[in-house]
Amino acid sequence: MVFESFSTAAAVVLGVTFVLAFIMGAVANKTNFCTMGAVSDWVNMGDLGRMRSWILAIAVAMLGVVVLESMGLVNADGAFPPYRSGQFAWVEHLLGGLMFGIGMTYASGCGNKTLVRVGGGNIKSIMVLLIIAVIAYFMVNPIPGSSNTLYSLLFYSWTNPLAVNLGSGQDLGSLVASGEGAVTARLIIGGILGLALLFWVFKSADFRSTRDNIIGGLVIGAVVVGAWFITSSVQVGDEMEQYELRTYVQEWDFLADDPEGRPAEAMPWSSQSFTFINPMGQSLRYVASGFDNAVLYFGVIALFGVIVGSLFWALVSKSFRIEWFASFRDFVNHFIGAILMGFGGVLAMGCTIGQGITGISTLALGGFLTFIAIVLGAALTMKVQYYKMVYEDEATFLKALITGLVDLKLLPSSMRKLEAI
């Protein structure tokens, strides 16, 4: 899709983004699509229904991206954030994923669920959103009175040297082929993985009978693909030359007639899909700027759209409820959880949606590692909470942690410190 002016092209991208995000918010609310809930159901009840829904979304997104990319309709190589970067920052993905998994357990939901809960009337989630926004903003922007960001102060000096250079890219296609061969390799690898995931998801008769879980997985996966498509396909130009939106902004002085309407940065106009932690920081910047359109990006609109979509469904279904903290401990838990999600989500370059679905759809190693780390962090936190609740003083943190690792079959049963319940 080629438009003569940047403003028209940008309006189309942001408009379609809002529609897709609205659908995501409404469907996530309606079907109770929740990645933390998926882990909780599995850990606490052995129910894989919502986990299969999450995996279904991953499979749909993966298949959609590799097919459209092979047709030249999606460009995930130059994505924002750079999922396929040749620098594989495994420590950041692992640590960030663990922090995010722990945080979302304390804060009652991931980034997407926080937005859905805000739309449903949950005031607790507004606090979580604001805390994440502040941390996410200062993780990538200088702290007032300093040239340092939170990331440069706390992480860069020791995590960056541990990154592994994988050459042209960290996605599975680039690791087994190069150049045009990488596109074919992604189609083959992504096709096999996606179909295998679909087989695992639908082999469960129970899952096949749960309409909401199926709808949730299909729609969330589809809107992720839709966002990849719209941000990759819209261009500015004429019959002679066309430019991607990011390129047009970078070359604004040469291509545009005047400086009016120029975005503050070019990278946020790259091809991309849904992720919610960094966009919370972007949204804080947008509000603080006095709603300056120069910093109105995909992520800001995506965040707003999910909230409005969730609000719409809450009003239609008459499920809108104002909810506040049940106790001071509940407040502290959400406060700590929000801090961990803010740091972890930016460090891992995404959340349960941003890496767990969008990142994995690009076949990037970082997406897979972050997904595993988030699930592990959340599952262990739930195990520790459960054993400490049942055994009280007898269950020290270390005993509960070791027993949780045994339950998850990550340690031998001989190391169990507390009796299974």
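1. Serine 232 counts as buried, since its relative accessibility is 12% and a residue is called buried under 20%. The residue belongs to helix α11. A polar atom of its side chain lies 2.7 Å from the backbone oxygen of tryptophan 228. When neighbours within four places in sequence are left aside, serine 232 is in contact with Leu73, Val74, Asn75 and Ser271. The model in which these values were computed is a predicted one.

2. The overall architecture may be considered next. The protein contains 19 helices and five strands. Its radius of gyration is 21 Å, close to the 22 Å that the globule rule gives for 421 residues, so the protein is as compact as a globular protein of that length. The C-alpha trace spans about 70 × 50 × 45 Å along the principal axes.

3. How much of the protein is buried? Buried residues account for 53% of the 421 residues. The accessible surface comes to about 18,400 Å², and carbon and sulfur atoms hold 64% of that area. With regard to contacts between residues at least 6 apart in sequence, 76% join residues at least 24 apart.

4. The charges deserve a brief remark. The protein has 23 positive and 28 negative charges, and the mean positions of these two groups are 16 Å apart.

5. Helix α17, which covers residues 354-361, is mostly covered: eight of its eight residues are buried. The buried residues are Gly354, Gln355, Gly356, Ile357, Thr358, Gly359, Ile360 and Ser361. Which elements cover them? The cover includes α3 (49-70), α4 (90-106), α11 (211-233) and α18 (365-391). Helix α11 is also the helix in which serine 232 is found.

6. Leucine 363 follows α17 and is placed in the loop between α17 and α18. Its phi is positive, about 65°, although the residue is not a glycine. Is leucine 363 buried or exposed? Its relative accessibility is 0%, so leucine 363 counts as buried.

7. Lysine 409 is another residue other than glycine with a positive phi, here near 60°. This lysine lies in the segment after α19 (397-407). Its relative accessible area is 75%, and lysine 409 is therefore exposed, because the term applies to values over 50%. A student may set this beside leucine 363, which is buried.

8. The backbone has a further feature to record. Phenylalanine 80 and proline 81 are joined by a cis peptide bond, with omega about 0°. Proline 81 is situated in the loop between α3 and β2 (87-88). Helix α3 is among the elements that cover the buried residues of α17.

9. Leucine 245 is located in helix α12, which runs over residues 245-250. The residue has a relative accessibility of 3% and so counts as buried. Which residues does leucine 245 touch, not counting those up to four places away in sequence? They are Phe6, Ala9, Val13, Val234, Val236 and Trp269. As for Val234, its C-alpha atom is separated from that of leucine 245 by 7.3 Å, and the two residues are 11 residues apart along the chain.

10. Glutamate 241 lies in the loop between β4 (235-237) and β5 (242-244). Its relative accessibility is 48%, and it therefore counts as partly exposed. The side chain of glutamate 241 makes a polar contact of 3.2 Å with the side chain of tyrosine 243. Glutamate 241 and valine 306 are 65 residues apart in sequence, and their C-alpha atoms are 35 Å apart in space.

11. Serine 152 is part of helix α7, residues 150-159. With a relative accessible area of 30%, serine 152 is partly exposed. Which backbone atom does its side chain reach at 2.9 Å? The partner is the backbone nitrogen of threonine 149. Serine 152 and tyrosine 386 are separated by 234 residues in sequence and by 36 Å in space, C-alpha to C-alpha.

12. The two serines may be read side by side. Serine 232 is buried, whereas serine 152 is partly exposed. The side chain of serine 232 has a polar atom 2.7 Å from a backbone oxygen, that of tryptophan 228, while the side chain of serine 152 reaches a backbone nitrogen, that of threonine 149.

Technical notes: Residues are numbered from 1 along each chain as its sequence is written. This is a predicted model: local features need pLDDT of at least 70, side-chain atom pairs count only at pLDDT 80 or more; totals for chains, interfaces and linings use all residues. Side-chain values use heavy atoms; hydrogens and water are left out. Helices (H or I, at least four residues) and strands (E, at least two) are DSSP runs, numbered from the N terminus. The radius of gyration is taken over C-alpha atoms; the globule rule is 2.2 Å times the number of residues to the power 0.38. Buried means under 20% relative accessible area, exposed over 50%, partly exposed in between (1.4 Å probe, protein chains only). Contact means heavy atoms within 4.5 Å. Accessible areas come from the Shrake-Rupley method with a 1.4 Å probe; for residues, only the protein chains shown count as cover. Lys and Arg count as positive and Asp and Glu as negative; His and the chain ends are not counted. The place of a charge is taken as NZ of Lys, CZ of Arg, CG of Asp or CD of Glu. A polar contact is a pair of N or O atoms within 3.5 Å; within protein, one must be able to donate a hydrogen and the other to accept it, and residues adjacent in sequence count only if both atoms are side-chain atoms.
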